[in-house]
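Work through the exercises below with the coordinates open. Each task is followed by a stepwise solution.

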Amino acid sequence: MAIARPPRTYEGRTSTGKPMPGAEVKVFSPSSGFIGGVMPVVVPASPCVQCDPHGVLRYRLRTDATGHFAAREMEPGSYVVSAVADGYAEQVSNIHEKYMSTGAFWLRPGQERDDIVIRLPRASVLAGRVIDEHDEPVPGSLVQVLQYGPAGAQRKMLLPVTGATTDDRGEYRVFGLLPGRYYLVAGYQPDFDLGAFNVYDLEREFYFGGSSRPGRGWKDFPPLFYYPGSTDPSGAKPVNLEAGQVISNLDISVRPMTK
């Protein structure tokens, strides 16, 4: 015997002040912070390539000519919705539900929601070079973009937003950024081999402050240099970015550190 289920629909609209047709909309189940049952570890100067800030992708769709989108026959649960379009920065729905993180909401059995509007700002760009103590370009250096997010501000920590690797001319370009205040950091150590590090050792040192087991930990990673060239976060110079703005010539000076 079949059991009839009422349709569950999530509807919404992307907006920049006018309808946004053809925007890509993604619906996620919010991330628990775990990937495959393992807590991802973001090591200094190394991106967490498997981390998705929004969660597990459930639906992918496009807005129609009026900027509307709809996902039907959805299972009850918690969701986050994001949207992005060419020339615009990805944005999460601005929803505030009690006991939920920003942008997350509950979809209950039989419920329909049509109150979601995502406003897409023009994408912004940060660009520059990483140069060494001789003003020579440093290729293959990872540049991370940091920001005091809600959790970061509470913990008084700069948290990574995104990043890019310098090309053969030592140049980097980070695009698709939202307006805001950002900090830049680059790591540098010739012939640094990330593959030589054991994730277990890093987790052990991070959570327990080390143990009798030999290994290579945080202290062995290449030093980090905050734009324009300080190894101390207090010397980092912020960059204020407006919607659609391109800021270049953000050169980060790095140098080898002696132990």
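**Exercise 1. A salt bridge from a loop to a strand**

Task: Which residue forms a salt bridge with Glu 90, and how far apart are the closest N and O atoms?

Solution.
- Step 1. The partner of Glu 90 is Lys 26, with the closest N and O atoms 3.8 Å apart. The model is a predicted one.
- Step 2. The cut-off for a salt bridge is a side-chain nitrogen of Lys or Arg within 4 Å of a carboxyl oxygen of Asp or Glu, and the pair of Glu 90 and Lys 26 is listed at 3.8 Å.
- Step 3. Place both residues. Glu 90 sits in the loop between β5 and β6 (91-92), while Lys 26 belongs to strand β2, so the salt bridge ties together parts that are 64 residues apart in sequence.
- Step 4. Assign the burial classes. Buried means under 20% relative accessible area, exposed over 50%, and partly exposed in between. Glu 90 has a relative accessible area of 29%, so Glu 90 is partly exposed. Lys 26 has 16%, so Lys 26 is buried.

**Exercise 2. The surroundings of strand β2**

Task: How many of the six residues of strand β2 (residues 24-29) are buried? Then describe the pairing of this strand.

Solution.
- Step 1. Six of the six residues are buried, so β2 is largely enclosed by the rest of the structure.
- Step 2. Sort the side chains by direction. In a regular strand the side chains alternate between the two faces of the sheet. Here Glu 24, Lys 26 and Phe 28 point one way, and Val 25, Val 27 and Ser 29 point the other way. Residues in both sets are buried.
- Step 3. Find the pairing with β3. Strand β3 (residues 56-62) runs antiparallel to β2, with six bridges between them. Val 25 has Leu 61 of β3 as its bridge partner.
- Step 4. Find the pairing with β5. Strand β5 (residues 77-84) is also antiparallel to β2, through five bridges. Opposite Lys 26 stands Ser 82 of β5.

**Exercise 3. Two further salt bridges**

Task: What are the partners of Glu 24 and Arg 113 in salt bridges, and where in the chain do they lie?

Solution.
- Step 1. A search of the whole structure gives eight salt bridges.
- Step 2. Glu 24 pairs with Arg 60, and their closest N and O atoms are 2.6 Å apart. Glu 24 is in strand β2 and Arg 60 in strand β3, 36 residues apart, so to speak of this pair is to speak of a link between distant parts of the chain.- Step 3. Compare the burial of these two partners. Glu 24 counts as buried at 16% relative accessibility, whereas Arg 60 is exposed with a relative accessible area of 52%.
- Step 4. Arg 113 pairs with Glu 97, the closest N and O atoms being 2.6 Å apart. Arg 113 lies in strand β8 and Glu 97 in the loop between β6 and β7 (104-107), so this pair ties together parts that are 16 residues apart in sequence.
- Step 5. Arg 113 is buried, with a relative accessible area of 10%. Through shared partners, salt bridges join Glu 97, Arg 113 and Asp 115 into one network.

**Exercise 4. A sheet of three strands**

Task: What is the order of the strands in the open sheet of three strands, and which are the edge strands?

Solution.
- Step 1. The order is β4-β1-β8, and the pairing is mixed.
- Step 2. β4 (68-71) and β8 (112-119) each pair on one side only and are the edge strands.
- Step 3. From one strand to the next, the twist averages 20 degrees.
- Step 4. Strand β1 (residues 9-15) is antiparallel to β4, over four bridges. Tyr 10 stands opposite Ala 71 in β4.

**Exercise 5. Nonpolar cores and chain totals**

Task: Which residues of the largest nonpolar core touch the most other members, and which strands supply at least two residues each?

Solution.
- Step 1. The largest nonpolar core has 21 residues, of which Leu 126, Tyr 172, Leu 184, Leu 250, Ile 252 and Val 254 touch the most other members.
- Step 2. At least two residues of this core come from each of β9 (124-131), β10 (142-147), β12 (171-177), β13 (180-187) and β15 (239-241).
- Step 3. Take Leu 184 and leave aside its neighbours within four places in sequence. Its contacts include Leu 126, Val 143, Tyr 172, Phe 225, Leu 250 and Ile 252.
- Step 4. A second, separate core holds 20 residues, among them Tyr 10, Leu 61, Tyr 79 and Ala 83.
- Step 5. Finish with the totals. The protein chain has two helices and 17 strands, and 38% of its 259 residues count as buried. Of the contacts between residues at least 6 apart in sequence, 72% join residues at least 24 apart.

How values were computed. Residues numbered from 1 in each chain as written. Predicted model: local features only at pLDDT ≥ 70, side-chain atom pairs only at ≥ 80, totals over all residues. Heavy atoms only, no water. Pairing = 2+ DSSP bridges. Axes fitted to C-alpha atoms, helices over the stretch in contact; angles between N-to-C directions. Buried < 20%, exposed > 50% of the residue type's maximum accessible area, 1.4 Å probe, protein only. Contact = heavy atoms within 4.5 Å. Core = buried A, V, L, I, M, F, W, Y, C linked by side-chain atoms within 4.5 Å.
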